[in-house]
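Work through the three exercises below with the model open. Try each task before you read its solution.

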Amino acid sequence: LYLNLMGSSNNTVELSGKAMYEKEVVFTPFSRSHFIIAKTFASSLFGRYELGAHLVLEKGDQQFLMMKGGIMYAPLFWFHRCLCMFAMARSNKSKERKYMAQAKRIHTELTNSLKNKNPNVMHYVSLLNAEKAALKHTKNQEDDVRKLYNDAITMSARGGYVHDAALAQERFADYLLSSVGDYEEAKYHIEGAIQRYTNWGAMGVV
């Protein structure tokens, strides 16, 4: 995954190269759960949202990827999977209801985790709030959506989550282009996302 993000691999979402070849690895349920997380993370950052939304969870994986009682990276997996769902709902209107149903369920779980005093998901919830609002916005709610995205960017940046701030700017730019038609501000946020990804060392994403 790190080689993919750094641009040191010819692959983006396929975890194959000098370090490993995913099709030849024999996974245990525990190691496969980490693989699913890495694959979902890559799908989200490289814009392969459909793949991220449809990665299959086998029964053996579920015990490790539960929001409560799972491995420590489980919330990361659910955040990126939810983001992929929201992204697909925005881009594929014919299947919007299907993606939204799953996105809402995951969003609710992460929100409840935050309410139960898990500060590590605060910036995740902030961006997902913006994604949800962007799908339902009307013309007079545009300023509210902008504020939610800007809040997500600021919260991620202040928390030291440079890559999440970049992702928030990237998603904000997509909203501005696809739903608002504000090309000037979209350009600003695309450039900001590129700079943050570069600072993070993710030249493969840039």
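**Exercise 1: the nonpolar patch**

Met 203 lies in the segment after α10. The model is predicted.

Task: Decide whether Met 203 is buried, partly exposed or exposed, and find which residues make the nonpolar surface patch.

Solution:
- Step 1. Buried means under 20% relative accessible area, and exposed means over 50%.
- Step 2. Met 203 has 45%, so it is partly exposed.
- Step 3. Met 203 joins Leu 177, Tyr 183, Ile 190, Ile 194 and Val 206 in a nonpolar surface patch of about 550 Å².
- Step 4. α10 gives the largest share of this patch, three residues.

**Exercise 2: a positive phi**

Task: Find where Lys 117 sits, and decide whether Lys 117 is buried or exposed.

Solution:
- Step 1. Lys 117 is not a glycine, yet its phi is positive, about 70°.
- Step 2. Lys 117 belongs to the loop between α6 and α7.
- Step 3. Its relative accessibility is 74%, so Lys 117 counts as exposed.

**Exercise 3: the largest nonpolar core**

Task: Say which residues have the most contacts inside the largest nonpolar core, and which helix supplies the largest share.

Solution:
- Step 1. The largest nonpolar core holds 53 residues; Phe 79, Leu 127, Tyr 149 and Tyr 197 have the most contacts inside it.
- Step 2. At least two core residues come from each of α2, α3, α5, α6, α7, α8, α9 and α10.
- Step 3. α5 supplies the largest share, 13 residues.
- Step 4. Now take Tyr 149. Leaving out residues up to four places away in sequence, Tyr 149 touches Arg 90, Leu 127, Ala 130, Glu 131, Ala 134, Ala 168, Arg 171, Phe 172 and Tyr 175.

Technical notes
Residues are numbered from 1 along each chain as its sequence is written. This is a predicted model: local features need pLDDT of at least 70, side-chain atom pairs count only at pLDDT 80 or more; totals for chains, interfaces and linings use all residues. Side-chain values use heavy atoms; hydrogens and water are left out. A nonpolar core is a set of buried Ala, Val, Leu, Ile, Met, Phe, Trp, Tyr and Cys residues joined through side-chain atoms within 4.5 Å. Buried means under 20% relative accessible area, exposed over 50%, partly exposed in between (1.4 Å probe, protein chains only). Helices (H or I, at least four residues) and strands (E, at least two) are DSSP runs, numbered from the N terminus. Contact means heavy atoms within 4.5 Å. Patches are made of residues with over 30% relative accessible area and no salt bridge: like charges are joined within 9 Å, nonpolar side chains (Val, Leu, Ile, Met, Phe, Trp, Tyr) within 5 Å. Accessible areas come from the Shrake-Rupley method with a 1.4 Å probe; for residues, only the protein chains shown count as cover. A salt bridge is a side-chain nitrogen of Lys or Arg within 4 Å of a carboxyl oxygen of Asp or Glu.
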